[in-house]
Amino acid sequence: MDKIIVVLGQTSTGKSDLAVEIAKKINGEIISADSRQVYKGMNLGTGKITKKEMRGIPHHLLDIYSPSKVFTVNEFQKMAFKKIEEIISRGKVPIICGGTGFYIDAIVNGTVFPNVPPNKKLREELSKKSAGELLKILIKLDKNRVKNIDTNNPVRLIRAIEIATAIGKVPPLGHKPRLGPKDTNSAMAEFVSSNKFEVLKIGLTLPPEILKERIKTRLLARMKKGMIKEVENLHKSGVSWKRLNALGLEYRYVALYLQKIKNLPSLRLRQAKNEMIEKLYTEIWHFAKRQKTWFKRDPNTLWIDPRKNTEKTKALREIKKFLNAKKRLENK
RNA sequence: GGCCUGGUAGCCAAGUGGUAAGGCAGAGAUCUGCAAAAUCUCUAUACAGCGGUUCAAUUCCGCUCCAGGCCU
């Protein structure tokens, strides 16, 4: 069975660096699992690794999409599977590195997503409705899905309706453990083929106070380096304010700031900017907490403190052990 | 110096003669193609201070302090 390494962790913990370090040692290539770094022109705000920082290690799934278009897990999953295959065929080790837990799990668990593309028209129509109205619609379409859906969450309700409208019912979620090999329906077949990896997850973690400090420092550095300009450029190149808002964090709050200062006396500029940075700082912190909540769910993650070299060494040792075990198995 | 307005939890903010909404922040969580999104749960011995009126004051009265505004 093919083996992959995953490097995950909250924002600002130093994943990219560690991934490169690991790749150097084990002849690996890196696949980014980051829902925002796929977009071109979104660099500072996403903390995208620079060419120089890559130190010659190939990186995949960066800068592959236009920020005006919506990239989704499903596309990510397909692309990532393909990249993994290619890397392995080159005799190298795939290293998944990123902070988007949903994306990572799509690879690791081989989550099966219903094959229903977003329906723009339907979404637009439904987006005007309240959660209660959406729920009523979904009940009519698919009672089963209603049982365990978050009935207050319009985004989920809309997607469920979208699926049910397209294929009648929302198929049960494909999930790793309990599906036996006897299931022969197509969703299952896809699932089996996708769940073909053995995974070693390395998680980077820092004490909350330290992480907060790092987030703040990094945010201020980004601002200095031209974060606002980056968002301005995106907007000039045709990315709507609405779209920037949906992209979140830096893109959302800097975009709001840019719109706000258009008709603001220059006296208040500095204040508006400070307020924006403050708000952004707490939002990034919230994001980091959500990441932690997600990552915590997998008990098989090897957590290390990136400040401690002994722990990094330990991680490398574990990785080598993991990869060697593979060879032994294959030889038998 | 005089007049006015205000002082409610870390911040913002409602309100009442019978011990006080909400929001933010804080903590935890959910997650079936937007996941940096969306959603949920939990959380505070807070009414500037001192007197007075009253069965009862955060709410009424007086004084003091503090903040902001106006006037001379």
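The residues of the surface near RNA strand B comprise 24 nonpolar, 16 polar and 13 charged members. This description concerns a predicted model. In total, 53 residues surround RNA strand B, and the closest are Ser35, Arg36, Thr46, Phe102 and Gly248. Several helices take part in this surface: helix 3 (73–89), helix 8 (154–167), helix 12 (241–247), helix 13 and helix 14 each contribute at least two residues. Helix 14 provides the largest share, with nine residues.

**Overall composition**

Chain A contains 15 helices and six strands. Of its 332 residues, 30% count as buried. Among the contacts in chain A with a separation of 6 or more, 73% are accounted for by residues 24 or more positions apart. One pair separated widely in sequence is Asn233 and Gly41, which are 192 residues apart along the chain and 8.4 Å apart in space, C-alpha to C-alpha. Asn233 belongs to helix 11 (residues 227–236). With 12 other C-beta atoms within 10 Å, Asn233 is exposed.

**The sheet**

The six strands form an open sheet in the order 3-2-4-1-5-6, and their pairing is parallel. Strand 3 (59–60) and strand 6 stand at the edges with a single partner strand each, so one side of each has no neighbour in the sheet. The table lists three of the strand pairings together with a residue pair from each.

| Strand pair | Sense | Bridges | Residue pair |
|---|---|---|---|
| Strand 1 and strand 4 | parallel | four bridges | Ile5 and Ile95 |
| Strand 2 and strand 4 | parallel | five bridges | Ile30 and Ile95 |
| Strand 5 and strand 6 | parallel | four bridges | Ile202 and Leu302 |

Ile95 of strand 4 thus appears in two of these rows, as the bridge partner of Ile5 and as the residue opposite Ile30.

Strand 4 merits separate attention. Six of the six residues of strand 4 are buried, so this strand is largely enclosed by the rest of the structure. In a regular strand, side chains alternate between the two faces of the sheet. Both faces of strand 4 are covered, with Val93, Ile95 and Cys97 buried on one side and Pro94, Ile96 and Gly98 buried on the other.

**The nonpolar cores**

The largest nonpolar core has 38 residues, of which Ile5, Val6, Val7, Ala19, Ile95 and Ile96 touch the most other members. Strand 1, helix 1, strand 2, helix 3, strand 4 (93–98), helix 4, strand 5 and helix 15 (309–331) each supply at least two residues of this core. A second, separate core of 17 residues includes Met227, Val239, Tyr257 and Ala288.

Ala19 illustrates the contacts made by a member of the largest core. Apart from its neighbours within four places in sequence, Ala19 is in contact with Val7, Ile30, Ile95 and Cys97. Two of these partners, Ile30 and Ile95, also stand opposite each other in the pairing of strand 2 with strand 4.

**Helix 14**

Besides its share of the surface near RNA strand B, helix 14 has a buried part. This helix spans residues 269–296, a total of 28 residues. From its first C-alpha to its last it reaches 41 Å, close to the 40 Å expected at 1.5 Å a residue. Its buried residues are Met276, Leu280, Ile284, Ala288 and Phe295. The elements that cover them include strand 1 (2–9), helix 4 (101–108), strand 5 (197–204), helix 10 (208–225), helix 13 (249–261) and strand 6 (301–304). Ala288, one of the buried residues of helix 14, is also a member of the second core.

**Two residues with positive phi**

Two loop residues have a positive phi without being glycine. Asn27 has a phi of about 60°, and for Arg55 the value is near 50°. Asn27 lies in the loop between helix 1 (15–26) and strand 2 (28–32), whereas Arg55 lies in the loop between helix 2 (51–54) and strand 3. Asn27 counts as exposed, because it has 12 C-beta neighbours inside 10 Å. Arg55 likewise counts as exposed, with 12 C-beta neighbours inside 10 Å.

Key:
Residues are numbered from 1 along each chain as its sequence is written. Chains are lettered from A and ligands numbered from 1 in the order in which they are written. This is a predicted model: local features need pLDDT of at least 70, side-chain atom pairs count only at pLDDT 80 or more; totals for chains, interfaces and linings use all residues. The expected span of a helix is 1.5 Å times one less than its number of residues. A residue is buried if 20 or more other C-beta atoms lie within 10 Å of its own, exposed if 12 or fewer, and partly exposed in between; C-beta atoms are placed from the backbone. Two residues are in contact if their C-beta atoms, placed from the backbone, lie within 7 Å. A residue is near a molecule or strand if its C-beta atom, placed from the backbone, lies within 6 Å of it. Ala, Val, Leu, Ile, Met, Phe, Trp, Tyr, Cys and Pro count as nonpolar, Asp, Glu, Lys and Arg as charged, and the others, Gly among them, as polar. Two strands pair if DSSP finds at least two bridges between them. A nonpolar core is a set of buried Ala, Val, Leu, Ile, Met, Phe, Trp, Tyr and Cys residues joined through C-beta atoms within 7 Å.
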